[in-house]
Amino acid sequence: METTNPRQRLLTLLSIPVFLFLVVPTAIVVPVALDDSRYITFPPEGISFAAVAGFFADKAWTSALTASLQSAAIAVVIGVILGATAAIGLHGRNFPGQQAVVGLILAPMIVPTVVLALAFYQFFISLGGLGSILPIGLAHAVIATPYVYLTTRASLAELNPALVNSAQSLGAGWLSVFRHVYLPVILPGLVSGALFAFSVSIDETVMSLFMQSPSATTLPVKMFTDIQFNLTPKIAVSSALLVTVATLGLLFQVIRRPRRVPLNSGRSARRTAT
């Protein structure tokens, strides 16, 4: 019969107030979003869905939400492709300058965001590319790629490079090796990386603020502008949407069962090769 470790029980009890301290201030935006007042007040004066209806009826807010989703989609697709490719390409290899390459991949996590924002602004304005959502999505992809790389590399730690060599020696092409050897292993990392990339993009403000235009204003930028000049419950509604998206992503990660490396990966590659 299993018994609970007293130290684990104490750690659980101590983590509860920390969890509440982190979550409760964020969760406050939900009742504020349902306030029937014309301005943001707490505690709410009454419960109403007027602000929610007004948010989705306001073209400026819905356009900002659409722009954020579009830029996040671009960031996720490009970030997953680049991050996964880099992780697979560096897996099981050792060459001079490898640490410098890894440092270059992870640099967007270290360089201050405002520096990256100014650099992207100068780059895209020299190309005449500002004014659409594409430059914002590309900039977000740069800061999202390191997260995908790290989660994919963590998944690849369970893969024996000998499986890849065996599949290649049996005549499997690169597509077969990726499908039957790499993909079953890195799929959990790809999903986690995609969620991280989406969260980073949907919440990014500084880069979007530098590269915004009347036709390309993301939700965080719209929130930032309205906080200064038009403090209404619609800001709380947009905040509640972001919190909901982040919470759903976290719950998905918690309830999703991790996938193990299939023992028949080498046999699958062998069947494909033959």
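Lys 222 lies over the face of Trp 61, at 5.4 Å from the ring centre. The model in which this arrangement appears is a predicted one. Lys 222 belongs to helix α11, which spans residues 219-229. Its relative accessibility is 17%, so Lys 222 counts as buried, the limit being under 20%. With neighbours within four places in sequence left aside, the contacts of Lys 222 are Ala 60, Trp 61, Ala 64 and Thr 217. Trp 61 is thus both the ring beneath the lysine and one of its contact residues.

Ser 215 sits in the loop between α10 (206-210) and α11. Ser 215 is exposed, because its relative accessible area is 62% and the limit for that class is over 50%. Ala 60, a contact of Lys 222, also has a computed distance to this loop residue. The C-alpha atoms of Ser 215 and Ala 60 are separated by 9.9 Å, although their positions lie 155 residues apart along the chain as a separation in sequence.

The aromatic residues were examined next. The whole structure yields six aromatic pairs. One of them joins Phe 55 and Trp 61, with ring centres 5.5 Å apart. Their planes meet at 40 degrees, so this pair is tilted rather than stacked (under 30 degrees) or edge-to-face (over 60). Phe 55 and Trp 61 are both buried. Phe 123 and Phe 124 form a pair of the edge-to-face kind. Here the centre-to-centre distance is 5.2 Å and the angle between the planes is 70 degrees. The two partners fall into separate accessibility classes: Phe 123 is partly exposed at 45% relative accessibility, whereas Phe 124 is buried at 8%. Phe 55 and Trp 61 also belong to an aromatic cluster, which they form with Phe 56. The cluster therefore includes the ring that has Lys 222 over its face.

The fold is made of helices. The protein has 13 helices and zero strands. From the N terminus on, every element in the run is α. Of the 274 residues, 36% count as buried. The exposed surface comes to about 16,100 Å², and carbon and sulfur atoms supply 68% of that area. Among contacts with a separation of 6 or more, 74% involve residues 24 or more positions apart.

The largest nonpolar core has 23 residues. Val 80, Tyr 149, Leu 156, Leu 159 and Tyr 182 have the most contacts inside this core. Two or more residues each come from α4 (59-90), α5 (98-110), α7 (133-156) and α9 (174-203). Helix α9 gives the most, with eight residues. Leu 156 illustrates how the core is connected. Beyond its neighbours within four places in sequence, Leu 156 is in contact with Ala 87, Ile 88, His 91, Tyr 182, Val 185 and Ile 186. A second, separate core has 16 residues, among them Ala 51, Ile 202, Ile 235 and Ala 240.

Thr 152 is also found in helix α7. Thr 152 counts as buried, because its relative accessibility is 0%. Outside the window of four places in sequence, Thr 152 is in contact with Ala 84, Ala 87, Ile 186, Gly 189 and Leu 190. Ala 87 and Ile 186 thus appear among the contacts of Thr 152 and among those of Leu 156.

Ala 240, a member of the second core, has a C-alpha to C-alpha distance of 7.9 Å to Ala 27. In sequence the two residues are 213 apart. Ala 27 lies in helix α1, residues 6-27. Ala 27 is partly exposed, with a relative accessible area of 36%.

Confidence in the model is uneven. The mean pLDDT of the protein is 78, and 82% of the residues score at least 70. Over residues 258-274 the pLDDT is below 50. This stretch has 21 contacts in the model beyond near neighbours in sequence. Where pLDDT is low, the predicted coordinates should not be read in detail.

Key. Residues are numbered from 1 along each chain as its sequence is written. This is a predicted model: local features need pLDDT of at least 70, side-chain atom pairs count only at pLDDT 80 or more; totals for chains, interfaces and linings use all residues. Side-chain values use heavy atoms; hydrogens and water are left out. Rings of Phe, Tyr and Trp (its six-membered ring) pair if their centres lie within 6.5 Å; planes under 30 degrees apart count as stacked, over 60 as edge-to-face and the rest as tilted. Buried means under 20% relative accessible area, exposed over 50%, partly exposed in between (1.4 Å probe, protein chains only). A charge sits over a ring if NZ of Lys or CZ of Arg is within 6 Å of the ring centre and within 35 degrees of the ring normal. A nonpolar core is a set of buried Ala, Val, Leu, Ile, Met, Phe, Trp, Tyr and Cys residues joined through side-chain atoms within 4.5 Å. Helices (H or I, at least four residues) and strands (E, at least two) are DSSP runs, numbered from the N terminus. Contact means heavy atoms within 4.5 Å. Accessible areas come from the Shrake-Rupley method with a 1.4 Å probe; for residues, only the protein chains shown count as cover. pLDDT is the predictor's confidence in each residue, from 0 to 100.
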